[in-house]
Amino acid sequence: MNKSVDLDPSEYGAYYSHYIQLAGNGDLITCLKDSFQKTFSFLESVPDEKMDYAYAEGKWTIKEIVQHLIDSERIFSYRALRLARQDAKDLPGYDHDYYVPVSKACERSKEDLLDEYKSVRAATLSLYKTMDEQMLKFIGTANNNPFSARALAFIIAGHETHHIGVIAGRYL
């Protein structure tokens, strides 16, 4: 149980199905650990001089993508906490296009961003390890989409897999 293949489509909005598929079929803790290891190793291997690169005008730099992953994981984890506590209020969305420029990610070092990413994932794992079946399966709404806490774990992993694929394909 708690594998992405066990998720019912009623546990997440259709927009997020791509991220669920990218997360793979493992259990959610293993999935989060594995995606962290792959992402962290990949980002460590990116040359420092590439971190401020954007492949086109108006596109994010690699540093900004890393900050986006950090911010998104924090928001998804917060939503998971609220759902695990059976909070049925519709949680607001956020505008990631607004968050990125004001984050000042490009003023930070690669090491600093990776340290924050590592800390955020550790907190996410710690949170999910406290959740039982009832907490994981409670369905609420966020940004007018249905979500369960367990679906959000796979969305976190798939979302970062998506962005790492973009970096590998368009930035390096």
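Glu133 is partly exposed, with 34% of relative accessible area. This residue belongs to a predicted model, in which 11 salt bridges are counted and nine aromatic pairs are present. The points below begin with the salt bridges, continue with the aromatic rings, and close with the strands and helix α4.

**Salt bridge within helix α6**

- Glu133 and Lys137 form a salt bridge, and their closest N and O atoms are 3.7 Å apart.
- Both residues belong to helix α6 (residues 133-137), and because they are four residues apart there, about one helical turn separates them.
- Lys137 counts as partly exposed, at 37% relative accessibility.

**A network of salt bridges**

- Arg74, Arg108, Asp112 and Glu116 are joined into one network by salt bridges that share partners.

**Salt bridges between distant parts of the sequence**

- A salt bridge links Arg150 with Glu11, with 2.7 Å between the closest N and O atoms.
- Arg150 is located in helix α7 and Glu11 in the segment before α1 (17-23), so this pair ties together parts that lie 139 residues apart in sequence.
- Are the two partners buried or exposed? Arg150 is buried, with a relative accessible area of 3%, and Glu11 counts as buried at 4% relative accessibility.
- Asp48 and Lys110 also meet through their side chains in a salt bridge, at 3.4 Å from N to O.
- Asp48 is in the loop between α2 and α3, while Lys110 is in helix α5 (residues 110-129), so the pair ties together parts that are 62 residues apart in sequence.
- Lys110 is buried, its relative accessible area being 10%, whereas Asp48 counts as partly exposed at 48% relative accessibility.

**Aromatic pairs and the aromatic cluster**

- A pair of aromatic rings is described by the distance of the centres and the angle of the planes.
- Among the nine aromatic pairs in the structure is the one formed by Tyr15 and Tyr16, which is edge-to-face, with 5.0 Å from centre to centre and 85° between the planes.
- Tyr15 counts as exposed at 59% relative accessibility, whereas Tyr16 counts as buried at 8%.
- In the pair of Tyr53 and Tyr171, the ring centres are 5.9 Å apart and the planes stand at 90°, so this pair is edge-to-face.
- Tyr53 is found in the loop between α2 (28-45) and α3 (62-84), and Tyr171 in helix α7 (residues 149-171), so the pair ties together parts that are 118 residues apart in sequence.
- Tyr53 counts as partly exposed at 32% relative accessibility, whereas Tyr171 counts as buried at 3%.
- The ring of Tyr53 also has the charged end of Lys50 sitting over it, 4.3 Å from the ring centre.
- One aromatic cluster is formed by Tyr15, Tyr16, Tyr19 and Phe147.

**The hairpin of β1 and β2**

- Strand β1 (residues 139-142) has side chains that alternate between its faces: Gly140 and Ala142 point to one face and are buried, whereas Ile139 and Thr141 point to the other and are not.
- Strands β1 and β2 (residues 145-148) run antiparallel and are joined by four bridges.
- Which residue of β2 stands opposite Ala142? The residue facing Ala142 is Asn145.
- The two strands form a hairpin with two residues between them.
- Asn143, in the turn of this hairpin, has a positive phi of about 55°.

**Helix α4 and a nonpolar surface patch**

- Tyr98 has its place in helix α4 (residues 96-103) and counts as exposed at 54% relative accessibility.
- Together with Tyr99 and Val102, Tyr98 forms a nonpolar patch on the surface, and the three have about 310 Å² of accessible area together.
- Ser103 also lies in helix α4 and is partly exposed, with a relative accessible area of 21%.
- From C-alpha to C-alpha, Ser103 and Gln67 are 7.4 Å apart in space, while in sequence they are 36 residues apart.

Notes: Residues are numbered from 1 along each chain as its sequence is written. This is a predicted model: local features need pLDDT of at least 70, side-chain atom pairs count only at pLDDT 80 or more; totals for chains, interfaces and linings use all residues. Side-chain values use heavy atoms; hydrogens and water are left out. Patches are made of residues with over 30% relative accessible area and no salt bridge: like charges are joined within 9 Å, nonpolar side chains (Val, Leu, Ile, Met, Phe, Trp, Tyr) within 5 Å. Accessible areas come from the Shrake-Rupley method with a 1.4 Å probe; for residues, only the protein chains shown count as cover. A salt bridge is a side-chain nitrogen of Lys or Arg within 4 Å of a carboxyl oxygen of Asp or Glu. Buried means under 20% relative accessible area, exposed over 50%, partly exposed in between (1.4 Å probe, protein chains only). Two strands pair if DSSP finds at least two bridges between them. Rings of Phe, Tyr and Trp (its six-membered ring) pair if their centres lie within 6.5 Å; planes under 30 degrees apart count as stacked, over 60 as edge-to-face and the rest as tilted. A charge sits over a ring if NZ of Lys or CZ of Arg is within 6 Å of the ring centre and within 35 degrees of the ring normal.
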